Amino acid sequence: MSIPADERALTNVVDWAGGHEEWEGFRAEIFGAHFEPIMADLDLPDDELLEALGPEGELVFTAVMEDFLGSWFGEDGERNVVDEYLASRGWLEKKQGVRYLRAIRDAPPSLFEVVALDPGGAITVRDLVRESDPFRVRDEYLSETLVRWDCFVARLMGAGRARRFGVGLLRFPRELADGCLKELNVLAKRLRTQFRKDARKRGKTEDLDLAEARHLLLLGPTAGIFFTTMFVNWHVRRRTAGPPALKNTDDESLVLSIVRFPIAGSEADVTAALDDLPEFDRDGPDPNWSWRGRQLPPAPLPKDLAGDDPEVGPGYLSLGMAEIVDGALQLHVNSVERAERGRELLASRLGALVGTPLTSHEDPAARLRGGRSEPGAGEEEPDIPPEEMEAVIRATLEGHYRRVLDEPVPMLGNRSPREAARTKKGRAAVVEWLKALETSELRQAVETGRKPFDTGWLWAELKIPRPGGKP
């Protein structure tokens, strides 16, 4: 949690440094090292860069200021702004502020992942760069604003029960966190190569493992610059490029859609009629059906399974899921176009067994923005109680994720989650994919006040142990 004494102490050092020409020059040097390459790469002046960063801009500047506090200057690297400020004005600071300044001076930044939360009390995290075991940090604010599997970069100060994070904490989306780790591994391998060469020159055979090399990179003077550059580039490019276009396998805009037919006849007659439709396959004993699309070409098996010659039947593209719930037949699909096709198909085949359907749509992009989509032309806003609509949305999400299990996923190298989970490397990628899904659902729940959609069954469906068990 951001402690007022920490913020005051940070502001006091910055103000003091601004009154000393030499230290103001050092501060400008740090800011230039962080931002000048970014502005040149993005071809943006500083005012447009700040505007493009949006609300993250203030956090970035705070993180850079903490980097200034931890930097050393002078011909032999013997000068530090915290040391000289405390020698000059330390008597004006409260003990908490002095402890913060000394701790942040010596704390390198790193990348952390939330593995558990105690809302209102603490978070349990692990250091992804150092590959640490999970440990607990008391922080009321973070425990109520972060969600499980969130990643962030911060400076960890203190030890044991006194551990806490610095003020300049930057939340890294999982895609960005994964990119940071990959880039750090590239840099760490280069460092290992150079370390071995230097050792051979001294007649030694010393070596570093990858984790030790990454740790040494964190202790270097450019660690803060590395994280700032990754963070700013990702956010600015994302904002200037606009939101990603979400598409299904038919290249249709991804919109969670529900077509709801009131049952006019008996549920038994509707069940029998659906069982007879060649486009729908019954999923077990419950009144659930998969809407079957075109046949898919067989996917190549992973190398470690290629010799098993398993008997695999033809695969089909799943277009949606139908179910009978509370006297209504509901068709769940992920695009407006599929909703229209399914509406026409079922209306023509079921006839008088069902009444006039109502269609509702929810744009996932609108959900991410905290809004909701409006019904299109000619569509009606269904008069459904909030608790029933919540159940419908959950059923739609479950149906969507069940279909995704057997569809290509770009994050998994365009393999389906079931296929990727067959190999060790693929399972590791699936774990990251599942974490990203879970974080997204938890984050939307925090931002919209909705009860989070539980993705725990996805881990079980893929036979992958959920890290840390159910929260």
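Okay, one definition before anything else: when I say buried, I mean under 20% relative accessible area, with exposed being over 50% and partly exposed in between, using a 1.4 Å probe and protein chains only. Also, this is a predicted model, where local features need pLDDT of at least 70 and side-chain atom pairs count only at pLDDT 80 or more, while totals for chains, interfaces and linings use all residues. Residues are numbered from 1 along each chain as its sequence is written, and side-chain values use heavy atoms, with hydrogens and water left out.

So, the overview. The protein has 471 residues, and 45% of them are buried. We have 17 helices and twelve strands; helices here are DSSP runs of H or I with at least four residues, strands are runs of E with at least two, and both are numbered from the N terminus. About 24400 Å² is exposed, with carbon and sulfur atoms supplying 53% of that. Those areas come from the Shrake-Rupley method with a 1.4 Å probe, and for residues only the protein chains shown count as cover. Now contacts, meaning heavy atoms within 4.5 Å. Take the ones between residues at least 6 apart in sequence: 65% of them join residues at least 24 apart.

Let's zoom in on helix α4, residues 56–69. How far apart should its ends be? The expected span is 1.5 Å times one less than the number of residues. For the 14 residues of α4 that gives 20 Å, and the end C-alpha atoms are 20 Å apart, so the two agree. Eleven of those 14 residues are buried, so α4 is largely enclosed by the rest of the structure. Among the buried ones are V60, V64, M65, F68 and L69, but also E56, E66 and D67.

F68 is worth a second look. Outside its neighbours within four places in sequence, F68 contacts A17, W23, F26, R27, I30, F73 and V81. Next, the nonpolar cores: by that I mean sets of buried Ala, Val, Leu, Ile, Met, Phe, Trp, Tyr and Cys residues joined through side-chain atoms within 4.5 Å. The largest core has 54 residues, and F68, L111 and F172 are the ones touching the most other members. Helix α2, residues 21–42, gives this core its largest share, eight residues. There is another core apart from that one, with 22 residues, including F280, L319, V333 and L346. As a general point, nonpolar side chains tend to be buried together in soluble globular proteins.

Cysteines next, for anyone thinking about them. How many disulfides does the structure hold? Zero, where a disulfide is a pair of cysteine sulfur atoms within 2.5 Å. C151 is in no disulfide, and the nearest cysteine sulfur, in C180, is 9.6 Å away. From the C180 side, that 9.6 Å to C151 is too far for a bond. C151 is buried at 2% relative accessible area, and C180 is buried too, at 0%.

Now a couple of polar contacts, meaning N or O atoms within 3.5 Å; within protein, one must be able to donate a hydrogen and the other to accept it, and residues adjacent in sequence count only if both atoms are side-chain atoms. H332 sits in strand β11, residues 328–333. Is H332 buried or exposed? Buried, at 0% relative accessibility. Its side chain makes a polar contact of 2.9 Å with the side chain of E323. The C-alpha of H332 is also 5.9 Å from that of S257, although the two are 75 residues apart along the chain. Over in strand β12, residues 358–362, we find T359, buried at 7%. The side chains of T359 and R343 are joined by a polar contact of 2.7 Å.

Last stop, backbone angles. W149 is not a glycine, but has a positive phi of about 75 degrees. W149 lies in the loop between α7 (140–145) and β4 (151–157), and is buried at 3%. K463, also a residue other than glycine, has a positive phi near 60 degrees. K463 is in the segment after α17 (456–461), and is exposed, at 67% relative accessible area.
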